[in-house]
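User: Please take me through this model by saying, for each label you use, what it rests on.

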Amino acid sequence: MATPREQEAADFLRKHKIIELMDNLTSMLLFHRPGRPREFLITQLEQLRLSKMRSLGCPSLFNDTNLDAVFGILDPIKQGHITYVQYKEALTTLGIEKFNECPEGMEKDKISQETFRREANEGLQRSSATFMS
Amino acid sequence: MDATTKPLRIPPEMSIYAEEHDIYELVQSLVISLMVDKPEDPIHYLISLLKRGNFEVPKVMLLGPPFSGKTTIARKLCEHIKAIHITASNILKESTDLTKKAQEYTAKEQEIPVDIWIKLIQQRLLKIDCVRQGWVLEGIPQTHREAVSLQEAGVIPDHVVLLEAPDAVLIERSHGKRVDPITGDPDFFFYTCIDIYHVTFIWPEDNEVAHRLERQTSDSEEQGVTQLMKQHQEVTALRRTYQYCLKSIDADQPFVDVFDQVLTYVLSRHRSVAPHTPRVLLFGPPGSGKSLQAKLISQKYNTVNLCCSELLEAVCADATSMGELIKPYLESGQQVPDSMVLQILTDRLSKLDCTTRGWVLHGFPRDLEQAEKLQEANFIPSRVFFLEMTDDVVIERVSLTSVDPVTGDRYHSLYKPAPSPKVQGRLQFHPKDSEAQLLQRLKEYWANSSSLQAFYPEAVHISADQDPHTVFESLESRLVVPLPKSLPVKGENST
């Protein structure tokens, strides 16, 4: 049974998505390994704040080249599309929790590279933009 | 994309980087501050928090009964760690609206209400000097209620020191307390930076000062006793409130000893739950117990135990190309060249089990050159231990060890003699342990040890002249706890 203060604390964490924010920041830190971690964090947070104000893209670890590479692994014979199961697995592996379960091309079980890239980008933006409460 | 079947392999650079820059502690303190302050705009708050700078500022509460020496200790502590000294009196000396209100109460000789008092404290601690340099609260909080209100207000110390002494000693001290009236402000009721001396314990060096010392009017015996009683009532509750970061220190010792203990405690870092892969180097003269300690550590913490000589022999026995190369050296008893040893070691240390479980290495490096090469190969140890032992103990330990070839048991002529004359008869002594060779090994060790000690300035020195479990406990206590903070250097700007 949580005390009222614990409840308050848990609510605060959830409302502002602090855990997700910290996860993202830590991943960035460990990936880029800057010489001065605090300055790096300040830059990332400023960028996040700017994107919040101007609805720009948020900083995230994966860019289009990465997404194309992932698609290339799933589709080695270059058919130009992947199956729905592959699509789901790929997005989960990239760390995107809430993605579009019904993307274009689902009926034929052929998700095109364009759709994949778009859904992945949207999902990544949603994960990074932790301020959208 | 079946990442679930293979374990996730995190590159070792990430864990080294994280440990080097204390990333875990950084994120942890960010989250703690967020939870305490609960700002509306966390991103903006985090940016200002990060810009503000130093996270590891001291936050100390110094508690204890009257006459235990709190003020003297607090002042000296602040000198050393460059923190701000906060007492009940200097909080009231501020000139804000809140303090004026509080002063009205004291003018009427009434007690200041707790909520105003707590707000005053909070206000003082939020000032830029406390935020930048850290603070030492002397004698605050005095009651359980104050402590709880402080917690609610978000004032949380990292270290709480509780000075303790028997009542008789304290009352005795109260008689001998003298103050230098000139350094105090005679118009103000509370004493701010008066120099406190004692007839027996701390006598001023300057004779002029000694002549003008007098007793404080407020220190009558009666008042002293009432204060003592009050403190006794509150101390159990205070102890309970701060049990996670509290340390009791016996104040009934010479001042220098008390201060040393307080300083060591305040500089220590609490055990953290940050993920940590141990990378341990063990140095020591032959017979100091390096292999035994390495074995004990590896057993308990599941690290990889690497003894350099055993590693070389294993490689040799493996009949690989490297093994062929080093075989002639091992057979003739010559030392294998550094480049080959380094190659073998780096191969072994880069294997997955070493990077994930950590390693304990002994037998390498033997000299400064090897240590530098190890560093260049980017294998940086997180702890370095020097097991210290005097030469005569080494000779006694090593030259008298022998092995029973039949059972494989090791005996020692002094500490663990053979059980029967029959066993004694067949004991064998290793030529390496003979006194002549031992002296040679010792000479080599001592020749290199000073340069190695200079190369690893943060190394811990442990006396190996004790029984193995005591040594292990000392090793462990330094292994699992983060390294203590160092004193700030004069003039260093906190970043």
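User: What makes the strands S2-S3-S1-S4-S7 of chain B an open sheet with parallel pairing, and which strands stand at its edges?

Analyst: In this predicted model, five strands of chain B follow one another in the order S2-S3-S1-S4-S7, with parallel pairing. Two strands count as paired if DSSP finds at least two bridges between them, and the strands themselves are DSSP runs (E, at least two residues), while helices are runs of H or I with at least four residues, all numbered from the N terminus. Strand S2 (84-86) and strand S7 (246-250) each have a single partner strand, so one side of each is left without a neighbour in the sheet. From one strand to the next, the twist averages 20°, an angle taken between N-to-C directions on a scale from 0 to 180 degrees, with axes fitted to C-alpha atoms.

User: How do you know that S1 and S4 of chain B pair?

Analyst: Strand S1 (residues 59-63) and strand S4 (residues 159-164) of chain B share 4 bridges in the parallel sense, set against a requirement of at least two. One of the bridge partnerships joins B:Val60 to B:His159 in S4(B).

User: What numbering and which limits on confidence apply here?

Analyst: Residues are numbered from 1 along each chain as its sequence is written, and chains are lettered from A and ligands numbered from 1 in the order in which they are written. Because the model is predicted, local features need pLDDT of at least 70 and side-chain atom pairs count only at pLDDT 80 or more, whereas totals for chains, interfaces and linings use all residues, and side-chain values use heavy atoms, with hydrogens and water left out.

User: Why is the contact of B:Arg239 with B:Glu164 called a salt bridge?

Analyst: The term asks for a side-chain nitrogen of Lys or Arg within 4 Å of a carboxyl oxygen of Asp or Glu, and the closest N and O atoms of B:Arg239 and B:Glu164 are 2.3 Å apart, so the pair qualifies. The pair links distant parts of the chain, with B:Arg239 in helix H12 (residues 221-241) and B:Glu164 in strand S4, 75 residues apart. Over all chains, the structure holds 12 salt bridges.

User: What makes the salt bridge of B:Lys38 and A:Glu8 a link between chains?

Analyst: Their side chains meet at 3.8 Å, N to O. B:Lys38 lies in the loop between H2 and helix H3 (42-52) of chain B and A:Glu8 in helix H1 (residues 4-16) of chain A, so the pair joins two chains.

User: Why is B:Arg124 called buried, while B:Asp129 is called partly exposed?

Analyst: Buried means under 20% relative accessible area, exposed means over 50%, and partly exposed lies in between, with a 1.4 Å probe and protein chains only. B:Arg124 has 12% relative accessibility and therefore counts as buried, whereas B:Asp129, at 25%, is partly exposed. These two residues form a salt bridge, with the closest N and O atoms 3.2 Å apart.

User: How do you know whether B:Phe386 is buried or exposed?

Analyst: B:Phe386, in strand S11 (residues 383-388) of chain B, has a relative accessible area of 1%, so it is buried. Its C-alpha atom is 9.7 Å from that of B:Ser288, although the two residues are 98 apart in sequence.
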